Amino acid sequence: MEKTILVAGATGNLGNRICTELVKRGVTVKAIVRDSTDLDKIEILEKIGVEVRVIDLNDIDAISAECKNVNCVVSTLAGLGDVIIDLQKKILDGAIKAGVTRFIPSDFCTDYNDLKKGENRNFDLRRTFKKYIDQSPIKASSIFNGCFADILKYNTPILNLKEKSIGYWGDKADWKLDFTTMDNTASFTAEVALDDSAPRDLQIASFQVSPNMIFEDVKEITGQEFPIYQLATLENFAEYIKKQRAENPAGENELYAKFQQGQYMYSMFSTQHNNLANNRYKGISWDTSVDYLRTFIR
């Protein structure tokens, strides 16, 4: 029997890729979008075979109507509390009302389960929704992909191509960081959406690479040896982030405020994915660190 998967957040980068992967697998894919959604984005989805429904996302009955006969709802929504908590609750409630049995929430980040509350604002929002969904009758599966590999392109302290430097916090030059490409995340998510036996939490990583390993990869690609250095202790980094957050109250309304970017870096050096589910599904070709770096380092 053919399955139907509904995606919320389908017009986003990850959501679009997940829809593409699901269509490849021959299932019916539906997307619910706001009436303010750019028509070009809707057309892109329709061209790949997605059935797009424009609805009022504040209307649980409207959401429920689109969730009829849906096997799994996948949320790739991005935002602050009004989205990750409030909107996802409405979509979840609509899905439950329609009899949907499975839900993939918009986690897609480092596994925050072992992190302390307060260390990462955006993770705390997801943690709040997790409590809500875990008290519901629906079966949830969270996908933890660590950090999207794209961050390596953006001259963060971990790999700064402009300054040709590699940095780390604490004594963790050999600490392996979890990176997953958007394409690998999308492929894996599509498989999970179709897998009725998928567990509650799934950790993945295209590659796990330490600052010292990044140094070797860059050397192999370019022949250059980027200076590698400790940026600060983790304790000092944590204090700096707290100070940065206190001095910028406006950042509480920004999804990727400077302090939040710091919190994300901190989390990468304070927890790891030690139970990878990469081998759960066949046919996914996981990217390697050196091959991924070759796509943008010359």
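Let's start in a loop: Asn 69 sits between helix H3 (60-66) and strand E4 (72-75). Keep in mind that this is a predicted model. From that loop we'll move to a strand residue that touches Asn 69, then to a pair of packed helices, the nonpolar cores and the aromatic rings.

**Two loop residues with positive phi**

- Asn 69 has a positive phi of about 65°, even though it is not a glycine.
- Is Asn 69 buried or exposed? With a relative accessibility of 71%, Asn 69 counts as exposed.
- Phe 108 is another non-glycine residue with a positive phi, in this case near 45°.
- You'll find Phe 108 in the loop between strand E5 (102-104) and H5.
- Phe 108 is buried, as its relative accessible area is 7%.

**Thr 4 and what it touches**

- Thr 4 belongs to strand E1, which covers residues 4-8.
- At a relative accessible area of 15%, Thr 4 is buried; the cut-off for that is under 20%.
- Which residues does Thr 4 contact, leaving aside neighbours within four places in sequence? They are Thr 28, Lys 30, Asn 69, Val 70, Asn 71 and Cys 72, so Asn 69 from the loop above turns up here too.
- Thr 4 and Lys 68 are 64 residues apart along the chain, and their C-alpha atoms are separated by 9.6 Å.

**How H5 and H9 pack**

- Two packed helices are described by the angle between their axes and the distance between those axes.
- For helix H5 (residues 121-134) and helix H9 (residues 258-268), the angle is about 75° and the axes are 8 Å apart.
- H5 and H9 are therefore roughly perpendicular to each other, since angles from 65 to 115 degrees count that way.
- On the H5 side, the residues that meet H9 are Arg 121, Asn 122 and Phe 123. Their partners in H9 are Phe 259, Gln 260, Gln 263, Tyr 264 and Ser 267.
- Sorted by class, this contact has three nonpolar, four polar and one charged residues.

**The nonpolar cores**

- The largest nonpolar core has 41 residues. Those with the most contacts inside it are Leu 152, Ile 158, Leu 159, Phe 179, Ile 214, Met 268 and Phe 269.
- Several elements each supply at least two residues of this core, including strand E9 (166-169), helix H7 (211-222), helix H8 (234-246) and helix H10 (289-294).
- Which element gives the most to this core? H9 does, with five residues.
- Setting aside neighbours within four places in sequence, Met 268 is in contact with Cys 147, Ile 158, Trp 175, Leu 177 and Phe 179.
- Apart from this core lies another one, of 34 residues, with Val 29, Val 74, Phe 148 and Phe 188 among them.

**Aromatic rings**

- The structure holds 13 aromatic pairs.
- One of them joins Phe 179 and Phe 207: the ring centres are 5.7 Å apart and the planes are at 35°, so the pair is tilted.
- This pair links distant parts of the chain, as Phe 179 is in strand E10 and Phe 207 is in strand E12, 28 residues apart.
- Phe 179 and Phe 207 are both buried.
- Tyr 112, Phe 123, Phe 144 and Tyr 264 form one aromatic cluster. Phe 123 and Tyr 264 also appear in the contact between H5 and H9.

Methods: Residues are numbered from 1 along each chain as its sequence is written. This is a predicted model: local features need pLDDT of at least 70, side-chain atom pairs count only at pLDDT 80 or more; totals for chains, interfaces and linings use all residues. Side-chain values use heavy atoms; hydrogens and water are left out. Axes are lines fitted to C-alpha atoms, for helices over the stretch in contact, and angles run from 0 to 180 degrees between N-to-C directions. Helices (H or I, at least four residues) and strands (E, at least two) are DSSP runs, numbered from the N terminus. Angles under 35 degrees count as roughly parallel, over 145 as roughly antiparallel, 65 to 115 as roughly perpendicular and the rest as oblique. Contact means heavy atoms within 4.5 Å. Ala, Val, Leu, Ile, Met, Phe, Trp, Tyr, Cys and Pro count as nonpolar, Asp, Glu, Lys and Arg as charged, and the others, Gly among them, as polar. A nonpolar core is a set of buried Ala, Val, Leu, Ile, Met, Phe, Trp, Tyr and Cys residues joined through side-chain atoms within 4.5 Å. Buried means under 20% relative accessible area, exposed over 50%, partly exposed in between (1.4 Å probe, protein chains only). Rings of Phe, Tyr and Trp (its six-membered ring) pair if their centres lie within 6.5 Å; planes under 30 degrees apart count as stacked, over 60 as edge-to-face and the rest as tilted.
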